[in-house]
Amino acid sequence: MNTSIAPFAATRRVSLTALLVVIICSLAATTSAATNKKPILLSHSNSTRAIALETITLLAEPFSLNQSIPWGTDNRTRISIFAMNLELLPGEGINAFTADVQDSTGKLYPLTVEFMGPARDVWGITNLSGITMFVVRLSEDLGDVGDVLLRLNLHGVSSNRVRIAIGHVGGGPADDQGAVPTPAPITPPPPDAPLDVSAFINAPISDADAVRFLEQASWGPTPTEIAHLKQVGFLAYLNEQFNAPVTNPSRGSNYPDLLFPLDDNAQQCPTTSSDPNYNQAVCLRDNYSMYPIQRTFFTNALYGPDQLRQRVAFALHQILVVSGASEVNRPSWMTIYLQALDRNAFGSYRTLLQEITLSPAMGEYLDMRLSTRTSPNENFAREVLQLFSLGTDTLNPDGTPQRDSQGIPIPSYTQTQVNEFTRAFTGWTLATALGAGITNYRDPMVPRGGTNHDGGAKVLLNNQAVPSCGNNATCAISDMNVALDNIFNHSNVGPFVSKQLIQHLVTSNPTPAYVGRVARVFNNDCDGLFNQGCTGARGNLKFVVQAILLDPEARGNVKDDPNYGKLREPAQYVNGFLRAFNVKSFDKTQNSDGVLDSRGGNFTGTLDQPIFQPPTVFSYYQPGYEVPGTKILGPAFGILSTSTTLRRANDINTLTYSGVSAAPSSPTPLSPDRPRGTSIDISNLEAMSVNPNDGQVVDTLNTLLLHGSMSTQMRSSIITAMNAINDSNLTTRHQKRARVAVYLAATSSQYDIQR
């Protein structure tokens, strides 16, 4: 039977019987299942044209932009499409899916997935068992574009793309390479079995997913770590990381305790000294700049065993922001804050929130130490609500905003509530000075005493009434605890914090289903896919991190959803590159000193991410930043510009071809800001560069940097570039070939995106 769309061109209206005929008569043999289960959108048996209907009118394509029969007050066209081979978690539904279409220019248009259900239940046709109907709404910016290619995405994996016509039939992009018709099988498939998450996680780990996991859970995969992860498995690896020791156990951190210098840097670092080894520049550098903690950060990132703690702590730094760019401009002051992030990275978010609230660095940065009953300052109160806990919109459990009858997001708090929290946080100051001329930025803030706290009655979130308790120190402590409890227990905190952690570790555009699963674990650590050892605690970051990294949306061999993944922010980009290539000192005899810039700063600073010096309380970039020209979140794109794109290439060029040389030790042994320097060791790739055409070098780079996703064009370009180098000296020939391959792979757009 001819199953082309031609029979529908005359009448366009399709009865239920005709629908059954279209699906059943386009049946074909089932193809073998893929290792990574991909959704399959149904097409006709002799083309990639979708089996699709206008949902309300049951008209076939071409689909008008607006339906003749309104959908409530919204008459934008809805289209029904049909899919099978769906592997969902128990209870997982429509918010796990996204969809998009691509026109002839290559532009992608997101479609809203509004409904899913078994086709047999929707249409009453028992033969459609195992086939699911989806309803998608056309986006507002989609015009009369003719043929487009449509896909459905689940857990970061895309379906095949099928063809539908918008406005008119014809034109549009060519079918994807290798695309074939995907009719329903001859024997209607049984209902899709749910995903067995335990079997999924405990299955042998592929190279691709091992690399992907280590991109998310560390500062970058290394060959040794890949082999270890594959040997022990995800759960054992996470337990190792959760229990990894730190170098400063008394602080629960890798940041060493630093000297607290005199407030007056001229006194601490005078022009001259009787000490023959004294150097004023070194004194100023080590006591009044971010150099010591930036150097520690990079050393830890490159070599530290507790990689996961470091990644989570840095993510938390970008949520609960303190910056060393201005007010908190001394490394010892920042160290106390950084130690708190390390210490609580796998602990309670409530504990972390309180430690950061009373941190002298935060008290200085957001002025809480100056806020009193008679001179209140709302900076901290506003940001603890807006940035550290709730966000500005009232959220559903899956992180999507709640909206009023006009479709406008409902605010999560009011200015009146900001004022009430401002009052609750009054009356705090820095603890007693550490010595003459040394303000105490080491110990938690303490109540100011006297009548500086506003102890009057207050009304907080969810109309929680706080009775009057007096303008004294005891009341200041009580009000702070009540205020933080009130914030911590708000329903927004789970989805708000969970989504940002997902964005920093895994993907910028997590589905609401993913956010919802992680938020449930935030709310109750026993309400997750993996809960061994749980206690029912709220805000247990250890279980939140585990839920993020073991979720089906994070795991799997292939992630080809075009909106999946994240731009590697500079810290990840630089550290990941160096870890991949056995980073060493400049002379390759020992470890790097962690100073990743020939000018004594750090390469990430050239890329608009100076470590621990974010420009505002909104961090280095904002979590809600959208990629220009799209409706897709891409937070780290907020600091990607023409200039920083060029600098990325320049920085990789420096690290690949020359490295960071060690600074001279004169005039005194203390003066070098780069005592050992930094370089990469790619001797293994040099040995493989004898014959570029055998693919050993590109295959190694493909596995280590791109988890097997290198395009054919990129592979060919790298091999061509390697073959173009034919120095007569074999040693330099192989060195140059290996370096050009590394440079081209690491500066490619494919490596820019962590997928």
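## Disulfide bonds in the predicted model

Cys-269 and Cys-283 are joined by a disulfide with an S to S distance of 1.9 Å, a disulfide being a pair of cysteine sulfur atoms within 2.5 Å. This is a predicted model, in which local features need pLDDT of at least 70, side-chain atom pairs count only at pLDDT 80 or more, and totals for chains, interfaces and linings use all residues. Residues are numbered from 1 along each chain as its sequence is written, and side-chain values use heavy atoms, with hydrogens and water left out.

The bond between Cys-269 and Cys-283 links distant parts of the chain, 14 residues apart: Cys-269 lies in the loop between helix H8 (265-268) and helix H9 (280-288), and Cys-283 lies in helix H9. Helices (H or I, at least four residues) are DSSP runs, numbered from the N terminus. Both Cys-269 and Cys-283 are buried, where buried means under 20% relative accessible area, exposed over 50%, and partly exposed in between (1.4 Å probe, protein chains only).

By the distance rule, the count is 3 disulfides. With the bonded cysteines of the protein numbered in sequence order, the pairing reads 1-2, 3-4, 5-6.

| Disulfide | S to S distance | S-S torsion and hand |
|---|---|---|
| Cys-269 to Cys-283 | 1.9 Å | about -75 degrees, left-handed |
| Cys-469 to Cys-475 | 1.7 Å | about 55 degrees, right-handed |
| Cys-526 to Cys-534 | 2.0 Å | about 100 degrees, right-handed |

In the pair of Cys-469 and Cys-475, Cys-469 is partly exposed at 32% relative accessible area, whereas Cys-475 is buried at 2%. Cys-526 is partly exposed at 28% relative accessibility, and its partner Cys-534 is partly exposed with a relative accessible area of 21%.

Key:
Helix = DSSP H or I, 4+ residues; strand = E, 2+ residues; numbered from the N terminus.
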